[in-house]
Amino acid sequence: MAAEIVNPRSDSDTGQDGGAEPLDSFDPAFALHRGGKMAVQATVPVRDKDDLSLAYTPGVAKVCSAIAEQPDLVHDYTWKSSVVAVVTDGTAVLGLGDIGPEASLPVMEGKAILFKQFGGVDAVPLALACTDVDEIIETVVRLAPSFGGVNLEDISAPRCFEIERRLQERLDIPVFHDDQHGTAVVTLAALRNAARLSGRSIGDLRAVISGAGAAGVAIAKMLVEAGIGDVAVADRKGVVSADRDDLTSVKRELAGFTNKAGLSGALEDALAGADVFIGVSGGTVAESAVASMAKGAFVFAMANPDPEVHPDVAHKYAAVVATGRSDFPNQINNVLAFPGIFAGALQVRASRITEGMKLAAAEALAAVVGDDLAADYVIPSPFDERVAPAVTAAVAAAARAEGVARR
């Protein structure tokens, strides 16, 4: 079977217990979500006894026996090679924070239908009733035989770093924390095009990132991999630098490969003369700090729903402005990356998603813009039908080049 986007809702649903007026009678978001946003549908018919004998017993026994003798056949004769587990513990959901596994399900369902809609990849939401790192890892490892990949979602930092690393060490299928790497891929793609628009390269730029959580750390790593001139990351206490004695192990590592200029102090201080601001933290950056940036700067204020710098303010000083919102140009949206990345990895049965595959995804995504590049168009729309095929092909090629492809 394969997951398909279908609507299982019934017009006879009545709403809340106790006879109260149903929430969906006055809110279209509740109306859309009634009964959930996805279901599972068979890909083969079961119309008569002959169909039944092939889809189930006795025919299924032949397939099971063959897989038992040759385990790799599971990729050819089950859904494993085309389905991803979307795993969360509900501790860092969108802008809602730690709301628990049940409350996270609408988001995980949404992620699953985006996989299908934009990448042709089936996905199953798995909201886990545990937050302990070891328990999450053991649970996912035991579920892994059913899936071709694992997309970690909305798991709080710094736990998410260890969970991803240890799962990838134990599993031979791709494990990808989208809050980290999806955000980083799309940010890099947009930044490449912003630099091209201004006649510069990534290496000419000094960037400042607000936020040292999952997204901020991943963006910093990817920008360094891509050859950024320099990048500094700020948390709530200021710029992450080696002279601070309050850093976690993740931030100590971060300090080791960022901030070549040796900046210290507040975020606003670091922005003076900077070419790029990247916001993944929330909060508000003072207009005076934005005004202190270099001429022709780029402001990527990606917090939702309230950007760190409102576009109206950013446009006073910046040559290119991007946000995480769909109602402004240049939306940095992870859906531009993760469906194609997984589609490419699954296509070649990759054992992991490498840095090279992520960089290839960013380059392919940037290239979709092509000659249409403009200040209000440095990243394509999620509804551009060229996006997923371009990212899929680039990731598959990179997997083969890096020796992690198995077909």
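The following exchange discusses a buried glutamate, a strand and some backbone features of one predicted model.

Me: What should I know about the model before we start?
Reply: This is a predicted model, in which local features need pLDDT of at least 70, side-chain atom pairs count only at pLDDT 80 or more, and totals for chains, interfaces and linings use all residues. Residues are numbered from 1 along each chain as its sequence is written, and side-chain values use heavy atoms, with hydrogens and water left out.

Me: Where is E308?
Reply: E308 is in the loop between β11 (297-301) and α13 (311-314). Helices (H or I, at least four residues) and strands (E, at least two) are DSSP runs, numbered from the N terminus.

Me: Which side chain of opposite charge is nearest to E308?
Reply: That is R325, which is 10 Å away. E308 is buried (under 20% relative accessible area, 1.4 Å probe, protein chains only) and has no salt bridge (a side-chain nitrogen of Lys or Arg within 4 Å of a carboxyl oxygen of Asp or Glu). In assigning charge, Lys and Arg count as positive and Asp and Glu as negative, while His and the chain ends are not counted.

Me: Which backbone nitrogens does the E308 side chain reach, then?
Reply: The side chain of E308 reaches the backbone nitrogen of G282 at 3.1 Å and that of M302 at 3.2 Å.

Me: Switching to β8: why is it described as largely enclosed?
Reply: Six of the six residues of strand β8 (residues 230-235) are buried, so the strand is largely enclosed by the rest of the structure. D230, A232 and A234 point one way from β8, and V231, V233 and D235 point the other way.

Me: Does β7 run parallel or antiparallel to β8?
Reply: Strand β7 (residues 206-210) runs parallel to β8, and five bridges join them. Two strands pair if DSSP finds at least two bridges between them. V208 has A232 of β8 as its bridge partner.

Me: And how many residues separate β8 from β9?
Reply: Two residues lie between β8 and β9, which form a hairpin. The pairing of β8 with β9 (residues 238-239) is antiparallel, over two bridges.

Me: Which residues are joined by cis peptide bonds?
Reply: One such bond joins T57 and P58, with omega about 10 degrees, and another joins A157 and P158, with omega about 5 degrees.

Me: What about phi of N259?
Reply: Phi of N259 is near 55 degrees, a positive value in a residue other than glycine. N259 is buried, with a relative accessible area of 9%. R349 also has a positive phi, of about 50 degrees, although it is not a glycine.

Conventions:
Buried means under 20% relative accessible area, exposed over 50%, partly exposed in between (1.4 Å probe, protein chains only). A polar contact is a pair of N or O atoms within 3.5 Å; within protein, one must be able to donate a hydrogen and the other to accept it, and residues adjacent in sequence count only if both atoms are side-chain atoms.
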